[in-house]
Amino acid sequence: EEKAKNKATIKDAKEASAAVAQAIEVLRSFYDKAGQATALTQTKHHQEPETWSAPYKGQQAENGGVLGMLEVVASDFARLESETEQGEADAEAAYETFMQETGGCGYVGGAEVCGLKHEKEEQSKKHDRQMKKTEAMLQRAETDLDDVQGELDKANEYYDTLKPQCVQAKVSPEERIAQRQAEIDSLQEALQILTGEE
C-alpha cells in the first residue's frame, strides 16, 4: 500500500513539475513579446513623458512576481519527488535488510528473495538507488543555483541604478572642493534668511 502511494505521489509530482515548467515558459514568452508590443504605442503628436522611454515589460522584477512564485512551486515539486523516491528507497532497503538478517523469504519487486541470495541483484538495486539520490541532489543544486543567480541579477541591476548617483565621473578634487564650498555658502545664506540675520 505504501509503495503504491509513493508511486502515485512521484507520478503526480513529475506531471505537476512538467506543467509548472510549461507555464513558466509560456509566461516568459508572453513577457518577452509584451516588451516588444506596439498595439498600444502612443503616437508622437506631442512630446512623450520620460516614463515612456522603454516598452512596458510587466512588474516581474518586483518581489519575484508570478514567475518567481512558479519557480518556487517547481522546486517544491522537485523536492517532493526526490524526497518520496528517497523514502521509498529507504523503506525497501530496510525491508531487504530485515529479510537478510532474519533469513526469511519475501517478495521484492515481484521476485522471491530468501536470506542472503541474489547479492548481485541487491548491489545493482543499491547502485540504482544511489544514482537516483545523486540525480535528485543535482536537480536541487541546479534549482538553488538558478534561484541564487536570479537574486544576483536583481542585485546587480539595483547596483547599476545606484552607481550613477554615487560616482561622479572625471571631477577633479578642486572642482569638488569648489562645489562643496558653494553648497556650504548657500546653506549659510539660507540659515541667515531663516534666522532673520543679514
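What pattern does the chain follow, read along the sequence? In this predicted model, the order is α-α-β-β-α-α. Colour by secondary structure and walk from the N terminus; you should find four helices and two strands.

**Whole chain**

Select everything and show the surface. The accessible surface is about 15900 Å², and carbon and sulfur atoms account for 56% of that area. The chain has 198 residues, of which 17% count as buried. Now turn on contacts. Among those between residues at least 6 apart in sequence, 60% join residues at least 24 apart.

**Stop one: A19**

Select residues 2-34, which make up helix α1, and pick out A19 within this helix. Is A19 buried or exposed? Neither label applies: the relative accessible area of A19 is 43%, so A19 falls in the partly exposed class, which lies between under 20% for buried and over 50% for exposed.

Keep A19 selected and add A74. The two residues are 55 positions apart in sequence. Draw a distance between their C-alpha atoms, and the viewer should give 9.0 Å.

**Stop two: D144 and the negative patch**

Move to helix α3, residues 119-166, and select D144 there. D144 has a relative accessibility of 47% and therefore counts as partly exposed, again because the exposed class starts only over 50%.

Which residues form the negative surface patch? Add E142, D146, D147 and E151 to D144, and the patch is selected. Show the side chains as sticks over the surface to see how these acidic residues are laid out.

How values were computed
Residues numbered from 1 in each chain as written. Predicted model: local features only at pLDDT ≥ 70, side-chain atom pairs only at ≥ 80, totals over all residues. Heavy atoms only, no water. Buried < 20%, exposed > 50% of the residue type's maximum accessible area, 1.4 Å probe, protein only. Contact = heavy atoms within 4.5 Å. Areas by Shrake-Rupley, 256 points an atom, 1.4 Å probe, with all protein chains shown as cover. Patch = residues over 30% accessible without salt bridge, like charges linked within 9 Å, V, L, I, M, F, W, Y side chains within 5 Å. Salt bridge = Lys/Arg side-chain N within 4 Å of Asp/Glu carboxyl O. Lys, Arg positive; Asp, Glu negative; His and termini not counted. Charge placed at Lys NZ, Arg CZ, Asp CG, Glu CD.
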